[in-house]
Amino acid sequence: MATMNPDDLNLDSLTALAWRRPLTPEERARAQHLLREQPAGLSAFEEDQELTRLVQQLPDAPVPSNFTACVLQALDQPEPVPACGRSPFSGWLARLAAPRIAWAVLAVLLLPLGYLGFQSRQRTQIAASIAQITRTVSETGRAVETPPLEILRDFEAIDRLRVANTVADEELLAALESPGI
Amino acid sequence: MVAKPDADAARMLRVKRGDRRAFAELVDQYQQPVMNLVYRMIGDRAEAEDLAQNVFLQVYKSAHRYRETARFSTWLFTIARNLCLNELRRRSRHPAESLDLPHPEDENQPFHPVEDVRAVSPPDALLRRELEQKVQETLDALPANQRLALLLCRQDELSYEEIAKILRCSLSATKSLIHRARETLKQRLKPYLRSGTW
């Protein structure tokens with residue numbers, strides 16, 4: 001990383017630099033020089049340095065001595081079982097698919113129920129219609145009176161007249177149309 | 001950003017070709033910084049170990065995607081960042097009490113399980129431990145992106161440009177995140193900040 005000439009650095013740059021790493025003796029001298037010129041910034045700069053020291057002094061996290069061995073061993077193992085009882089079907093796929101699958105299962109469960117309900121309703125409607133028709137027929141039958149038997153006595157003769165010869169009697173028509181009549 | 005290939009990038013190219021020894025060297029070299037970052041982000045020792053291990057497994061599995069255009073450490077900490085944020089998101093969805101965090105009733109439980117080997121008198125050690133705990137609590141209270149920015153800033157080898165790349169935000173936004181984090185820390189740790197050292 002390229003280092004700047006300390007003489008080109010202002011107090012803000014030196015402060016930001018000190019967040020990341022200890023200042024070099026040259027940078028420190030430059031900071032002291034600048035602080036002599038701007039004593040108002042001294043307490044803020046000192047607080048900043050002290051905070052950096054506190055953060056830097058946080059102890060290292062403990063690392064097990066066999067850490068590398070554990071990592072290398074894990075390389076040879078198949079996909080690790082997810083910790084904390086998490087399902088292997090997790091992550092973005094689960095988030096994406098789970099609601100859809102739930103809706104699909106619900107639809108599969110509700111579809112036969114809906115069909116059975118529809119069928120039952122249709123059967124009820126048909127039964128009601130048949131009952132209505134039966135009722136109407138029986139009421140109509142009672143209302144229309146059966147004709148007396150005397151009418152039916154000449155039924156066959158009358159019926160034969162219906163099928164009598166329908167050929168026109170030309171002679172009779174001519175006689176009726178003659179002027180003498 | 002870095003044009004010339006660094007030694008770690010060269011090792012990573014060997015890992016790409018399936019060289020496990022090179023991978024082991026990278027794990028040896030970076031286990032402490034990765035563990036520091038993950039532990040300070042997650043706050044739970046056991047989970048931090050698992051997560052740090054996953055970071056390196058991810059490095060190995062994704063080796064074919066590594067390009068020499070970025071420094072290895074930038075790529076590594078980007079993976080660590082993603083896994084930490086995923087874990088924090090998972091925790092916010094399924095909150096659970098950590099077994100590692102000290103219970104208020106259990107006063108004898110030390111926050112940091114590793115004893116400092118440097119010779120310090122008991123009262124000093126106690127004060128320092130209290131101060132560390134206070135700093136950690138203040139860090140924990142920061143928003144995740146500010147905490148991450150501040151912790152990455154602790155890594156000597158990362159420049160601001162590289163931190164910005166890891167955080168996937170602009171350089172100015174990165175500096176702003178660090179500044180805000182530091183201002184919050186300063187306010188909350190004011191009683192602990194000595195002056196007169198300059």
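Let me start with one helix in this predicted model. Helix α7 of chain B spans residues 160-167, and six of its eight residues are buried, so the rest of the structure largely encloses it. Which residues of α7(B) are the buried ones? They are Y160(B), E162(B), I163(B), A164(B), I166(B) and L167(B).

What do these buried residues pack against? Three of the partners are in chain B: α4 (72-93), α6 (144-154) and α8 (171-188). Another partner comes from chain A, namely α1 (11-20). Keep that cross-chain packing in mind.

Now step just past the end of the helix. R168(B) comes right after α7(B). It sits in the loop between α7 and α8 of chain B. Its phi is positive, about 55 degrees, although R168(B) is not a glycine. Is R168(B) buried or exposed? It counts as exposed, with a relative accessibility of 58%. So much for the end of α7(B).

Zoom out to chain B as a whole. It has 198 residues, and 46% of them count as buried. It holds eight helices and zero strands. From the N terminus, the order is simply α-α-α-α-α-α-α-α. Take the contacts in chain B with a separation of 6 or more: 65% of them come from residues 24 or more positions apart. The accessible surface of chain B is about 10600 Å², and carbon and sulfur atoms hold 50% of that.

Chain A next. Again we have eight helices and zero strands. The pattern along the sequence reads α-α-α-α-α-α-α-α. Chain A has 181 residues, of which 20% count as buried. Among its contacts between residues at least 6 apart, 36% join residues at least 24 apart. Its accessible surface comes to about 14000 Å², with 62% belonging to carbon and sulfur atoms.

Let us go inside. In soluble globular proteins, nonpolar side chains tend to be buried together. How many residues does the largest nonpolar core have here? It has 67. The residues with the most contacts inside this core are M12(B), F23(B), V34(B), F56(B), F72(B) and L152(B). Helix α2 of chain B, residues 20-42, gives the largest share of this core, with 12 residues. Apart from this core lies another one, of 10 residues. Its members include L11(A), L17(A), L23(A) and A31(A).

Look at F56(B) more closely. What does F56(B) contact, leaving aside neighbours within four places in sequence? In chain B, the contacts are F23(B), L26(B), V27(B), Y30(B), Q31(B), V34(B) and L76(B). In chain A, they are F67(A) and V71(A). So F56(B) touches residues of both chains.

Another residue to find is Y66(B). It lies in the loop between α3 (45-61) and α4 of chain B. Is Y66(B) buried or exposed? It is buried, with a relative accessible area of 0%. Not counting residues up to four places away, Y66(B) touches A9(B), M12(B), K16(B), R71(B), F72(B) and W75(B). Two of these, M12(B) and F72(B), are on the list of residues with the most contacts inside the largest core. For scale, Y66(B) and L76(B) are 10 residues apart in sequence, and their C-alpha atoms are 10.0 Å apart in space.

Back to where the chains meet. Chain B brings 49 residues to the contact, and chain A brings 44. The area buried between them is about 4600 Å², of which carbon and sulfur atoms give 62%. How many salt bridges cross the interface of chain B and chain A? The rule finds four. A salt bridge also joins the side chains of D48(A) and R182(B), at 3.0 Å from N to O.

Last stop, the outside of chain A. W103(A), L106(A), L110(A) and L113(A) make a nonpolar surface patch of about 460 Å². L110(A) belongs to helix α5 of chain A, residues 92-143. L110(A) is partly exposed, at 49% relative accessible area.

To close, go back to α7(B). Its buried residues pack against helices of chain B and against α1 of chain A. The residue just after it, R168(B), is exposed.

Notes. Residues are numbered from 1 along each chain as its sequence is written. Chains are lettered from A and ligands numbered from 1 in the order in which they are written. This is a predicted model: local features need pLDDT of at least 70, side-chain atom pairs count only at pLDDT 80 or more; totals for chains, interfaces and linings use all residues. Side-chain values use heavy atoms; hydrogens and water are left out. Buried means under 20% relative accessible area, exposed over 50%, partly exposed in between (1.4 Å probe, protein chains only). Helices (H or I, at least four residues) and strands (E, at least two) are DSSP runs, numbered from the N terminus. Contact means heavy atoms within 4.5 Å. Patches are made of residues with over 30% relative accessible area and no salt bridge: like charges are joined within 9 Å, nonpolar side chains (Val, Leu, Ile, Met, Phe, Trp, Tyr) within 5 Å. Accessible areas come from the Shrake-Rupley method with a 1.4 Å probe; for residues, only the protein chains shown count as cover. A nonpolar core is a set of buried Ala, Val, Leu, Ile, Met, Phe, Trp, Tyr and Cys residues joined through side-chain atoms within 4.5 Å. Buried area is the accessible area (1.4 Å probe) that two parts lose on being put together, summed over both.
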